[in-house]
Amino acid sequence: MQNKTKYKVNHKRKRLSHWRLYLMLLPPVIYLIIFKYWPIYGLQIAFREYTPVLGFSGSPWVGLKHFKNFFSSYQFVRLLSNTLILGTISLIASIPCPIILALSINAAKQRKLAKAVQLITYAPYFISTVILVSLVTQLLAVRGGMFNVVRGWMGMDAVNLLSDPGAFRPIYILSGIWQGTGYGAIIYLASLAGVSPDLYEAAKLDGATIMQRIRYIDLPSIMPVVVILAIMNCGSIINVGFEKVLLLQNQMNMSTSDVISTYVYRIGIGSSQFSYSTAIGLFNSIVSVILLLLVNWFSKKATETSLF
Amino acid sequence: MNNKIKMSRQDRIFHLLNGILMVLCAFCILIPLVNVISSSVSNPSDVLNGRVTLLPVHFSIKSYLYVFKDNSIASGYLHSILYTVLGTLIAVAMTILAAYPLSRKSLKGRKVFLAFFMFTMFFSGGLIPTYIVVKNLHMLDTMWSVIIPNCLSVYNIIIARTFFNEQIPGELYEAAEIDGANDYDVFFRIVLPLSKAIIAVMALFYAVGLWNMYFDAVLYLNSYDKYPLQVILRNIMNNAQIQASMVEATGKVTSTDSLAITESLKYTTIVCASVPMLLLYPFVQKYFTKGVMIGSLKG
């Protein structure tokens, strides 16, 4: 009897003793409530006419007015198609380069060269978007920019690509590849490092060439990672790198560079139409979640790899 | 006798082509960087007339002298350092505070907390409601507005949690508990000393983000004298007027030189803004790679 009570008390004490862990969790939880959940609560102003004095929940309801306005505005088709085109192309274009680089580094016999190449290709990741865009601006400068200098050597006239709507997408995508390839390759290199050496040995004994080993061992072993990353990035199709688009954008290339997120910024912060731009932002998030779920579902069916 | 399997001709060709491919990759990355660095140390008028491609022409550090004399760049540097150091300290502390309890399997309601955290990765209030919240908290135009709203990334919490799960065996907690240690003792005397690597990784992730911050500063800060370096750089790139007056204020130059100098000033500022991160990079690369790997493979 005595033993039993003792055990009970002990048990209770053990359960209670984790209060310290809950206390540790408190600051991050409060942080999330204020800076993540409060804005989510604030999303309701998409259905209201927000005025600062009345706040999130006090402003009058207007239903779907802002959504209707956006869908029927002349901007809508342009913004949506710009966003989807830019997002889709840059997603697809950014997949192969890191894979090729990782396979190449992994297969290299010249280990020192491979290490150096990895170090160099990874470096641009540390460059901020502002610096990247400044770099692009200077390289493409009409006077003295390297791009036009080289064009000059080949007897071609200088062009201003930065104000050319047709050049915006290639600039955006190529600069993204320049910056992201080395970083992207790391994840593939990690999974390639996990491939059992026995497999290579066996393949070598069977007389497989390096190309065959890459084709039949390396590629299949990184495919799940490729699929997972691709699914995760599908959410970013509609959330294209907002900062970079904004920085590369100018009056002349607006016809291809204006995307939903830059529009939200311009309308929301620039002209203080808080409710209208929140509605557009909400539309953007909903589309992005739907895209993610769709692609995840499709991938589960097709390749048996999925996020959840 | 060499009993290794001899490389076939095909394989030797592969290694040759593969080496060439890697060198090409490295060159593609380096060429823009080399061009900008060379332009920043070349004679301004040579830059403007397109004589600089890869190597500097008529070496000159004139534009660096202008940059160093400029107050706004010095102020930008100071603010970037302040925001980066303070922000990193807060962010790392918050991340560990969240990640450690979430890694303890004996924590009741762990799944609920995790869902509470992860939900914010997929769904957010977006730009405008977040801005209004920051405004309501009267943080606009203070340094807190650029530090606090970004001081916790759930993605990093998951990386750190994975690290705790993988690196700290559950038996350690049991042993410590039997010895009468409470959760704080365990945390400060056992977990933290074993977690230097992940703390370094987290610090680097946050520091790079904070150093490179641009948009939040533009959004939340109004006063020019609070801007971090990235915003100053952007202003210099955009605003020829500012540069012209800057050049005139810092040195006696004729108007024909002025255009050339303002142009090469842009290259110089780009170099100055990227140098701290690129200098740090070779030292931190090892940790960074580790963090990316923990995050990606077992996240």
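Visitor: Which residues of chain A does the UniProt annotation "transmembrane region" cover?

Guide: This is a predicted model, in which local features need pLDDT of at least 70 and side-chain atom pairs count only at pLDDT 80 or more, while totals for chains, interfaces and linings use all residues; side-chain values use heavy atoms, with hydrogens and water left out. Residues are numbered from 1 along each chain as its sequence is written, and chains are lettered from A and ligands numbered from 1 in the order in which they are written. UniProt positions follow the numbering used here, feature names are shortened, and annotations may be inferred rather than shown by experiment. According to the unreviewed UniProt entry, the residues covered in chain A are 21-40, 84-107, 119-141, 171-195, 216-238 and 274-298.

Visitor: How far apart are the end C-alpha atoms of residues 274-298 of chain A?

Guide: Helices (H or I, at least four residues) and strands (E, at least two) are DSSP runs, numbered from the N terminus. Residues 21-40 of chain A are 100% helix and 0% strand, with end C-alpha atoms 27 Å apart. Residues 274-298 of chain A are likewise 100% helix and 0% strand, and their end C-alpha atoms are separated by 36 Å.

Visitor: What share of residues 112-134 of chain B is helix?

Guide: For chain B, the unreviewed UniProt entry lists "transmembrane region" at residues 12-34, 81-100, 112-134, 146-164, 197-215 and 265-284. Residues 12-34 of chain B are 100% helix and 0% strand, with 32 Å between the end C-alpha atoms. For residues 112-134 of chain B, the end C-alpha atoms are 27 Å apart, strand accounts for 0%, and the helix share is 83%.

Visitor: How many helices does chain A have?

Guide: The secondary structure of chain B comes to 15 helices and zero strands. Chain A also has zero strands. Its number of helices is 16.

Visitor: What is the radius of gyration of chain A?

Guide: The radius of gyration is taken over C-alpha atoms, and the globule rule is 2.2 Å times the number of residues to the power 0.38. A compact globule of 308 residues would come near 19 Å by this rule. The C-alpha trace of chain A spans about 90 × 65 × 35 Å along its principal axes. The radius of gyration of chain A is 26 Å.

Visitor: What percentage of the residues in chain B are buried?

Guide: A residue is called buried under 20% relative accessible area, exposed over 50%, and partly exposed in between (1.4 Å probe, protein chains only). In chain A, 50% of the 308 residues count as buried. Among the 299 residues of chain B, the buried share is 51%.

Visitor: Why is helix 13 of chain B described as largely enclosed, and how many of its residues are buried?

Guide: Helix 13 of chain B occupies residues 229-238. Its buried residues include B:L229, B:V231, B:I232 and B:L233. The helix is largely enclosed by the rest of the structure because the number of buried residues among its 10 is eight.

Visitor: Which residues does B:E263 contact, leaving aside its neighbours within four places in sequence?

Guide: B:E263 is part of helix 15 of chain B, which runs over residues 255-297. With a relative accessible area of 14%, B:E263 is buried. Contact means heavy atoms within 4.5 Å. Leaving aside those sequence neighbours, the residues in contact with B:E263 are A:Q138 and B:L48.

Visitor: What is the relative accessible area of A:S196?

Guide: A:S196 belongs to the loop between helix 10 (165-193) and helix 11 (197-205) of chain A. Its C-alpha atom is 58 Å from that of A:S271, a residue 75 positions away in sequence. A:S196 is partly exposed, and its relative accessible area is 30%.

Visitor: How far apart do the C-alpha centres of domain 1 and domain 2 of chain B lie?

Guide: Domain bounds come from an automatic or database domain assignment, which for chain B gives domain 1 (78-225) and domain 2 (228-290). In chain B, 18 residues of domain 1 are in contact with 15 residues of domain 2. The C-alpha centres of these two domains are separated by 32 Å.

Visitor: Which cysteine has the closest sulfur to that of A:C97, and why is there no bond between them?

Guide: A disulfide is a covalent bond between the sulfur atoms of two cysteines. Here a disulfide is counted when a pair of cysteine sulfur atoms lies within 2.5 Å, and the structure holds zero disulfides over all chains. A:C97 is partly exposed, with a relative accessible area of 30%. The closest cysteine sulfur is too far for a bond because it is 7.7 Å from that of A:C97, and it belongs to B:C25.
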